[in-house]
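Reader: Could you walk me through this model, one feature at a time?

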Amino acid sequence: MNGSRAASLTVPWRFAWLRIEGFPWIPAIIISIIAFAAVFAEVLAPYNPEIGVLGDRFRPPAWQAGGSGAYLLGTDHVGRDVLSRLIFGARVSVVVGFTAVIVAGLLGTTLGILSGYLGGWVDQVIMRVTDTWLALPALTFAIFLAAVVGPSQWNIVIILAAVYWTRYARVIRGEVLSLRERDFVRLAIVAGCSKKTIMRRHILPNVLNSAIVLGTLMLGIVIVTEAALSFLGVGVPPPKPAWGLMLADGKKGLMAGYWWLTVLPGMCIMLMVLSANLLGDWLRVKLDPQLRQL
Amino acid sequence: MTALLEARGLTKHFAVGRGLLGRGGGVVRAVDDIAFAIEPGRTLGVVGESGCGKTTTAKLVLRLEKPTAGQILFENQNVAGLEGDGLLLYRKSVQAVFQDPFASLNPRMRVDAIISEPLITHERLDAGAVAARVAGLLDVVGLPARSRDLFPHEFSGGQRQRIAIARALSLSPRLIVLDEPVSALDVSIRAQILNLLRDLQRELGLAYLFIAHDLAAVAHMSHVIAVMYLGRIVEIGDAAQVVSAPQHPYTQALFAAALPAHPDERREEVVLAGEVPSPLNPPAGCRFHPRCPKVMSHCSQEEPKLKPAGGRQVACHLY
Amino acid sequence: MSALLEVSGLSAQYVGARGTRVTRAVDDVSFTLEAGRTLGIVGESGSGKTTLALTLMRLLPPAARIASGSVRFEGEELLSKSEAQMRAIRGKRMAMILQDPMASLNPLFTVGDQIAETLRAHESMSRRGAWARARELLAAVNIAAPERRVGEYPHEMSGGMRQRVVGAIAISCGPQLLIADEPTTSLDVTIQAQYLKLLGDIQREHGLAMIFITHNLGIVARMCDQVAVMYAGRLVEAGPVRTIFNAPAHPYTRALIESIPKFGDATERLTAIEGQPPDPAALPPGCAFHPRCPLVVDRCRSEAPPDARMAAQHRARCWVAAPAPAGSVKG
């Protein structure tokens, strides 16, 4: 037996990530920080993000002239602490972003598997729906839906999931089409497994990698969409802090030189999306060759 | 002795290329009215080149495809149209090993799960019984017991084929379809696997449908050989006879084309002209006639039937 | 007369993981090939035979490097040539055929374009002249109706025909040496026979020297004058084809020949070799074959045997078969 070869590969694939060179530490740390902030917002944020002190409006960040240590990153147009709003905004972005991605992923992956494996009219129906959906521009569609159902955090999650599940369905369906022809699936049929069992035991685990990679890449897109929706005023309703909303509000102060109201939330959006993309990119490269060499 | 599996008039046509309005398009006659029998504990070897229909035949026997016409009699019961529970019962008796050891095993499943999957699909056994059976199967195919916890990528090609064989054996089938089981393996490993297959046949009374393009391997493993060309069986008979004295001109060309085992081995050179025609448009009459070195005028008009000649069946107007 | 190709002490390595992991793919390989003769290089996966072929043509990927040795082709040292000089040699004086004709041909260009491309790269020809020559070449490789075929695309042809086109490209500029890496593995048996016959005819007609890289001893028996057997990157036995088949010295060669099913052989069991070919990244110490060798002795486990001459043209690396008397010669 090739013991030497076996020894180095007995680490379950989930944890093998950390052993592999090229792991994107910085993006991972950034995302961890954001997630941490989202979870422990109450503890970390110095102030209530929704209530402001009108007397302290438009304070600049601490390092600038006129700033103070009381408001590290300044205040906005109603005197709310920007840092606290950013921290709570992380929660919104993380919750909305992750939940939307997961819901879209579940829906899209399931439909993709059904469509790809069962074929026939199931495939036709799902694909025609997907095609129609994809033909609509995502943002416009989202705005339309938001205007119809009204703004609320959970409505936004549903809307984002509804808009973006089709991307999963397409990609996963493609993978399933080729997986279906693989010998181990044929052998499962020969063994007498039902279609349901085959989809669950053989197809799903082998498309999980693609679904995860797609998820990390979608995270960026979803967050930007959420920010755009908030910016346009059809996203998460005020006074709940959302980074996109902060951008919209801060827009008014840009001319007056209140740069921190737009730049800081903008940077947060950028950092989160960039980190998610870099992580997804790395995942895609790392998970794919392993699959190929198997 | 009644045959374990018998094919009668077995036919499979595939429709291809439908036009915009759903009409037109051709028919690929992948397998056209073939008949053969596999005795219990014996091997039927099938040889032929691309497009001959041997892979489709394997799929039909495995019921991965449904025949367009004809019967597949397993222990005298026609399984060609079976569905549901009847089909499930058939599957208990007929399993398969395929060519590519890297694609035959689900990379996400542990070896014990892979081997026991057929078992748990058909029978209700507790975990202990399943584990015992898996351990026994690993032993039978010559793999160490600790293989059960490992993943396929930790094994070499030859070892993976052993895992595939262990899985095929898990339900104690009567017949195993072997589709090019050693072609993707290193030369020095092939003999190991072929020996294992022969040992298993002897010990367990397994019947094999052995498909391969390596003529010598098929000759070594088979009791009966069927030669296929463009969806038809052109010669079928006792392996030793077919190999030593092929009757059909195509069989003769095939064996003449096989590579020698020694530089001094001289073969009568029968180099066929032309390419294998497309199964979409087989030649009229005898499908082999455009390439046949012994063609007669008769051959393009009437398709020859399998007739007894020289102790076996040959489909050729020469006999 | 100096040989057409003289390879001496050639070693090539793959360097991975930022220079930390070195895999010896070809280790101290030496052989010679005379003009017009055919050499068969036999090996399994991990034996290094394809890396050897790529090294001869100086076509190694960036992760590989030639560690040592020399390759003299028509008296010239290939390893010291620049890329521009190698480009002038490849296709014109040395040609190569690979296993998968569909991968060797560009699906976007016609067959005529691809033959003409080689011609115009090496011989100054007009487009019309190159196409005319392409038609002649297609006829030379026994493709019927070459005037029509020359304008076809690869996907319009069968596998056997594509491989012939690849052959036509290879001989288009009249090379002295043709290296064929598993040229018939993807072909049907009767098509393979046609193709090998074609290669034999071309060789006789043009006095071409050929190197067949294959795992199939049948091809060697049919086509080759000399054999070199590779295992784990080393040349473990080399000699004339009849000597190797009649009296193989190295236990691996012997086991390989015996393990192949033969027609008319009534024995029940094939002689199998235990274990599997080693992973080039994790070779056993000493002789790489020792874990699988039926004749293994203690020395095999620690020391790799040198290239020992057993007879005039017959060499082997084995402590047991060729105990390396004093004065044994390398190469």
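Author: Gladly! Let me start with a term: the bend at a residue is the angle between axes fitted to the seven residues ending there and the seven starting there. Please keep in mind that this is a predicted model.

Reader: Thanks! On which residue is the kink in H7(A) centred?

Author: By that bend angle, H7(A) has a kink of about 35°. The kink is centred on A:Tyr164.

Reader: How far apart are the end C-alpha atoms of helix H7 of chain A?

Author: Helix H7 of chain A covers residues 153–179, which is 27 residues. At 1.5 Å a residue, the helix should therefore span 39 Å. The distance between its end C-alpha atoms agrees with that: 38 Å.

Reader: Now to chain B: which strands are the edge strands of its eight-stranded open sheet?

Author: The order in this mixed sheet is S6-S7-S8-S3-S9-S10-S12-S11. An edge strand here pairs on one side only, and that holds for strand S6 (94–97) and strand S11 (307–309) of chain B.

Reader: Which residue in S9(B) stands opposite B:Val46?

Author: Strand S3 (residues 43–47) and strand S9 (residues 224–229) of chain B pair in the parallel sense, over four bridges. Opposite B:Val46, in S9(B), stands B:Ala226.

Reader: And which helix gives the most to the side of chain B that touches chain C?

Author: The contact takes 34 residues from chain B and 37 residues from chain C. Helices H6 (187–204), H7 (215–221), H8 (239–244) and H9 (249–257) of chain B each supply at least two residues of the chain B side. With eight residues, the one that gives the most is H6(B).

Key:
Residues numbered from 1 in each chain as written. Chains lettered and ligands numbered in written order. Predicted model: local features only at pLDDT ≥ 70, side-chain atom pairs only at ≥ 80, totals over all residues. Expected span 1.5 Å × (residues − 1). Pairing = 2+ DSSP bridges. Contact = placed C-beta atoms within 7 Å.
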